[in-house]
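I opened the notebook to look up a few things in this structure. Here is what I went through, entry by entry.

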Amino acid sequence: MSVKLEISFSKSAKLNGGLAILLKTAEADSAAGADTVDPAGVIAKAARIARFSAKSMSGLDIVAPEGAPVERIVVIGLGKAAELTAHDWLKAGGAAASRIKNTDKAAVFIDVPGLETSARAAADFALGMLLRAYSFDTYKTKKSDEEEKPAKSVKVTIVTADPGGAKKAFSDSEAIAGGVNLARDLVNEPPNVLGPVEFAAKAKELEKLGVEVEILTEREMRRLGMGALLGVAQGSVRPPRLAVMQWKGGKGKDRPVAFIGKGVVFDTGGISIKPAAGMEDMKGDMGGAAAVTGLMHVLASRKAAVNAVGIIGLVENMPDGNAQRPGDIVTSMSGQTIEVINTDAEGRLVLCDALWYCNDRFKPQFMINLATLTGAIVVALGNVHAGLFSNDDQLSAQLTAAGLSSNEKLWRMPLGRDYDKLIDSKFADMKNTGGRQAGSITAAHFIKRFVQDTPWAHLDIAGTAMGSPQDEINQSWGSGFGVRLLDELVRAHYES
């Protein structure tokens, strides 16, 4: 069941029933707030019996504690204080949120004795709670016994020494949670509900936050010469769209930063049709577009001091009688021609026109595209890292650092002439696949041919945007990967 958390910060909390959540490091003699919550010393006794040593993200659950002003106490372990990271605070918030059930109020004590808890750490903890509380159950009409009640609201009071600072920092955290959960919603939606037109309408809703949004139709894209993108879409009865989102939070003279997302709302593979097993997961082949949309939501919500452009190419790849064939040659907006070897290598055809359009119109500082592009990157990196390809060492380093900070980790992959020549074609300027070997690298080289000299990075998020491992802050099939990563990049390096 989805739970809405109403989070506030305070120096103290009035305790009269409900749940108390206390944090504890491995070294601390007692948990945060133990003097207030546990006058009878029940925690120490329970910890001894349960052999609870406050290992990172471990929990101790005490029901009906003797002499306590609350009905239930949960202690969350933080591990060793010296090893705590910013991401650990998110994880702790997620672990705490997972313990909230059968209550309408909770007090969380986070100032562990001997540990300085900053306002940023308190806000990160709260962000972890919001991310963990997300659930996509829109289409479930029959609930299990424990889920029969409708979505409810839980009032959460986070007790900390600097509630004012935490509240201020939390305004950004709420923006981030909103963007991540928007991206998750988009990936989780079924493909019969979320087509290109419907996705474009979701992007259009960002106008409420001050984002300028234009939607290009098939007619306009044809006039621009986007033959590569339109070739992918021609087998579907659902028309393509290109959504152009602009957030103008920086100085008027500042060139924008640009983010481009692959938005294949469903990918059958086209004429080069995929195997039936697991094809239902191809509703998530728009994870890159979802991340870009979520990021624009964050930047606008927190009023980021940057000019940013988000462009998403929205198509459906279907094997209709009108679908493009292997052997077809299409002309991209750049004028370069492409021999279609495999219609299942369609995402790069969408991206090449979107990237060229972005570069030609906006002259951005850099372009970063996100795409669930290749199964090859999953073979190489699993679902722990996303693949990073770039023509610019500085941008690559900034992205890698942002990935380590947000724990949305990237691993830089090689580029080089020997790989690039694998996509040369006998009949056109290039072909859309270089074959099975080095598949993620040749895909990146294909995209690279459309960015010119602009600093550029390609993030292949096929293993991280959907079906990635569940953890303390994500229990959703659609993870929202990339939103926090790119917000951290912008925050750290590109706000004026």
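**Aromatic pairs**

Phenylalanine 9 is where I started: its relative accessibility is 14%, so I log it as buried. A caution for all these entries is that I am reading a predicted model.

Next I looked up phenylalanine 170, which comes out at 5% relative accessibility and so counts as buried too. I ran the aromatic search over the whole structure and got five pairs. Phenylalanine 9 and phenylalanine 170 make one of them, an edge-to-face pair with 5.4 Å centre to centre and 70° between the planes. What parts of the chain does this pair link? I found phenylalanine 9 in strand E1 (residues 3-10) and phenylalanine 170 in helix H5 (residues 163-188), 161 residues apart.

Then I took phenylalanine 366 with tyrosine 494, another edge-to-face pair, at 4.9 Å centre to centre and 70° between the planes. Phenylalanine 366 sits in the loop between helix H10 (347-362) and strand E13 (367-371), and tyrosine 494 in the segment after helix H15 (483-493), so this pair ties together parts 128 residues apart in sequence. I checked burial as well: phenylalanine 366 and tyrosine 494 are both buried. Adding Phe259 to Phe366 and Tyr494 gives me one aromatic cluster.

**Nonpolar cores**

How many residues does the largest nonpolar core have? I get 124, and the residues with the most contacts inside it include Ile7, Phe125, Ile368 and Leu459. It takes at least three residues from each of domain 1 (4-159) and domain 2 (177-494). A further core lies apart from it, with 41 residues, among them Val315, Met333, Val340 and Val350.

I picked isoleucine 368 for a contact list. Skipping residues up to four places away in sequence, isoleucine 368 touches Ala258, Phe259, Ile260, Leu395, Leu399, Ala457, Leu459, Leu486 and Leu489.

**Annotated sites**

Which residues does UniProt list for "binding site"? The unreviewed entry gives Lys262, Asp267, Asp285 and Glu346. They span 85 residues in sequence, but no two of their C-alpha atoms are more than 11.5 Å apart, so I note them as gathered at one spot.

Lysine 262 is in strand E9 (residues 257-267). Is lysine 262 buried or exposed? At a relative accessible area of 1%, lysine 262 is buried. Its side chain makes a polar contact with the side chain of aspartate 285, at 3.0 Å.

I followed that contact to aspartate 285, which is in the loop between E9 and helix H9 (287-301). Aspartate 285 has a relative accessible area of 3%, so I put it down as buried. Leaving out neighbours within four places in sequence, I see aspartate 285 in contact with Lys262, Gly263, Val264, Asp267, Glu346, Thr372 and Met466.

I also looked at residues 342-349, where UniProt (unreviewed entry) places the feature "domain: Cytosol aminopeptidase". The end C-alpha atoms of that span lie 11 Å apart, and I get 38% helix and 0% strand for it.

**Glutamine 246**

My last lookup was glutamine 246, in strand E8 (residues 241-248). Its relative accessible area is 12%, so glutamine 246 counts as buried. What does its side chain make a polar contact with? I find the side chain of glutamate 214, at 3.5 Å. Beyond residues up to four places away in sequence, glutamine 246 touches Gly210, Val211, Glu212, Glu214, Met296, Ala308, Val309, Arg361 and Phe362.

Methods: Residues numbered from 1 in each chain as written. Predicted model: local features only at pLDDT ≥ 70, side-chain atom pairs only at ≥ 80, totals over all residues. Heavy atoms only, no water. Core = buried A, V, L, I, M, F, W, Y, C linked by side-chain atoms within 4.5 Å. Buried < 20%, exposed > 50% of the residue type's maximum accessible area, 1.4 Å probe, protein only. Domains from an automatic or database assignment. Contact = heavy atoms within 4.5 Å. Phe/Tyr/Trp six-rings, centres within 6.5 Å; stacked < 30°, edge-to-face > 60°. Helix = DSSP H or I, 4+ residues; strand = E, 2+ residues; numbered from the N terminus. UniProt positions renumbered as here; feature names shortened; annotations may be inferred. Polar contact = N/O pair within 3.5 Å; in protein donor to acceptor, adjacent residues only side chain to side chain.
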